Amino acid sequence: MEDESASLTGKTALVTGAARRIGRAIATTLAQSGVHVALHYNRSAQDALALCEEIRRLGVRAWPIQGDLIEAGQAERVFREAVAQAGPIDILVNNASIFERDTLWEATDESIAKNVRLHAAAPLILSRELARQGRAAHVVNLLDTRVAVHGREHASYDLSKSMLLTLTRMLALELAPNVAVNAVAPGAILPPAGQSDAYLAKLARATPLSRMGDPRDVAEAVLFLLRSRFTTGQVIYVDGGMHMKGHLYD
Ligand SMILES: NC(=O)c1ccc[n+]([C@@H]2O[C@H](COP(=O)([O-])OP(=O)(O)OC[C@H]3O[C@@H](n4cnc5c(N)ncnc54)[C@H](OP(=O)(O)O)[C@@H]3O)[C@@H](O)[C@H]2O)c1
C-alpha cells in the first residue's frame, strides 16, 4: 500500500447500514478517531440524520447517503454519491445486512438472491468502485461467526456470508497492493429484530467466554484492521470463541 500512515485522522469512510446498532458503533468509533464518515442507510433516515449531527459534534464531517443495496445499480450509485459529497473514499465498511429465517428446505431462489445481492454483490461492487479510485484504501467486511459454525435456521444468510468470506480473500489478492481487504466476524452481539435478550443469553451460555459481546468490541476490531499496514485477507472473530466449537449454531 502506498499510504504508510497508520493514523486514521482526516481519512474518509463509507459505512453501509450505519444508522443503527453495530454500524452506528463502527461509524461513531471511526469519527472518534478523526475519520469523516459517509453514513449509508436504507430505511432509517431519521436515525442516520441524527447520527450525522452527533458525529459532526465530534469535529469531523458526516453525510447521509440513502440506498437499497438489494436493488440493481444501487451500490454504484451509493458509491458515486458518497464521492460526490465526501470526496475520495479511503475506508469502506460493508456492514449492511438482513437476517431472515429460512432453512435449506425453505430457501428459495428469491431469498438466496436477496441475501447474495446484499451480502456479496454489493460489497464486491462497492470495493471495485473504491479500488478504481487508484489510491491506497481499506475494506472491512462484516461476516458472522456462522461462516465457521453453520446454523440450520438462517440458510440463505449463512450461504451469502460464506460467499463474503471467500470474496474477502479473493479481493485481498485482486486489489493488492493498493487496497487491503479484511473482515470481522461477530458472534452474539445484539439480538436480531423480534428476539429478546434471552435469545442472546442462551447463546452466551454456549459461548466459550460465556458472555455476550458489545457493538464496541466489533468496532474496536474494525479499527485494529484499519490501522494495520501489513494485514490483508484476514478474519477477526469477535465471538467469544464460538467459531471453535464446531457444532451447529442454532
Ligand atoms: N447483531 C449481531 O449480533 C451480529 C452477529 C453476527 C454478525 N453480525 C453482522 O454484523 C453486521 C451488523 O449487524 P447488525 O445486527 O447491526 O445489522 P442489522 O441491524 O441487521 O442491519 C444493519 C443495517 O443494514 C441495513 N440494510 C438492511 N437491508 C438493506 C438493504 N436492502 N439495502 C441497504 N441497507 C440495508 C439496515 O439499514 P436501515 O436501518 O437504514 O434500513 C440496517 O440498519 C451485519 O453485517 C451482521 O451480519 C451481527
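Visitor: What makes Leu104, Ile112 and Leu159 a nonpolar surface patch?

Guide: In this predicted model, these three residues make a nonpolar surface patch of about 290 Å², where a patch takes residues with over 30% relative accessible area and no salt bridge, joining nonpolar side chains (Val, Leu, Ile, Met, Phe, Trp, Tyr) within 5 Å and like charges within 9 Å. A salt bridge here is a side-chain nitrogen of Lys or Arg within 4 Å of a carboxyl oxygen of Asp or Glu, and accessible areas come from the Shrake-Rupley method with a 1.4 Å probe, with only the protein chains shown counting as cover for residues.

Visitor: Why does leucine 104 count as exposed?

Guide: Exposed means over 50% relative accessible area, buried under 20%, and partly exposed in between (1.4 Å probe, protein chains only); leucine 104 has 68% relative accessibility, and therefore counts as exposed. Leucine 104 is placed in the loop between strand E4 (91-94) and helix H4 (109-132), helices (H or I, at least four residues) and strands (E, at least two) being DSSP runs numbered from the N terminus.

Visitor: Why is arginine 20 called partly exposed?

Guide: The relative accessible area of arginine 20 is 43%, so it is partly exposed. Arginine 20 lies in the loop between strand E1 (12-15) and helix H1 (21-32), and, not counting residues up to four places away in sequence, it touches Ser44 and Asp47, contact meaning heavy atoms within 4.5 Å.

Visitor: Which residues touch the most other members of the largest nonpolar core?

Guide: A nonpolar core is a set of buried Ala, Val, Leu, Ile, Met, Phe, Trp, Tyr and Cys residues joined through side-chain atoms within 4.5 Å. In the largest one, which has 35 residues, Leu14, Leu69, Ile89, Leu130, Leu143, Val179 and Val181 touch the most other members. A second, separate core of 31 residues includes Ile55, Val60, Val222 and Leu225.

Visitor: Why is the protein called as compact as a globular protein of its length?

Guide: The radius of gyration, taken over C-alpha atoms, is set against the globule rule of 2.2 Å times the number of residues to the power 0.38. The protein has 17 Å, close to the 18 Å that the rule gives for 250 residues, so it is as compact as a globular protein of that length.

Visitor: On what basis are residues numbered and features accepted?

Guide: Residues are numbered from 1 along each chain as its sequence is written, and side-chain values use heavy atoms, leaving out hydrogens and water. As this is a predicted model, local features need pLDDT of at least 70 and side-chain atom pairs count only at pLDDT 80 or more, while totals for chains, interfaces and linings use all residues.
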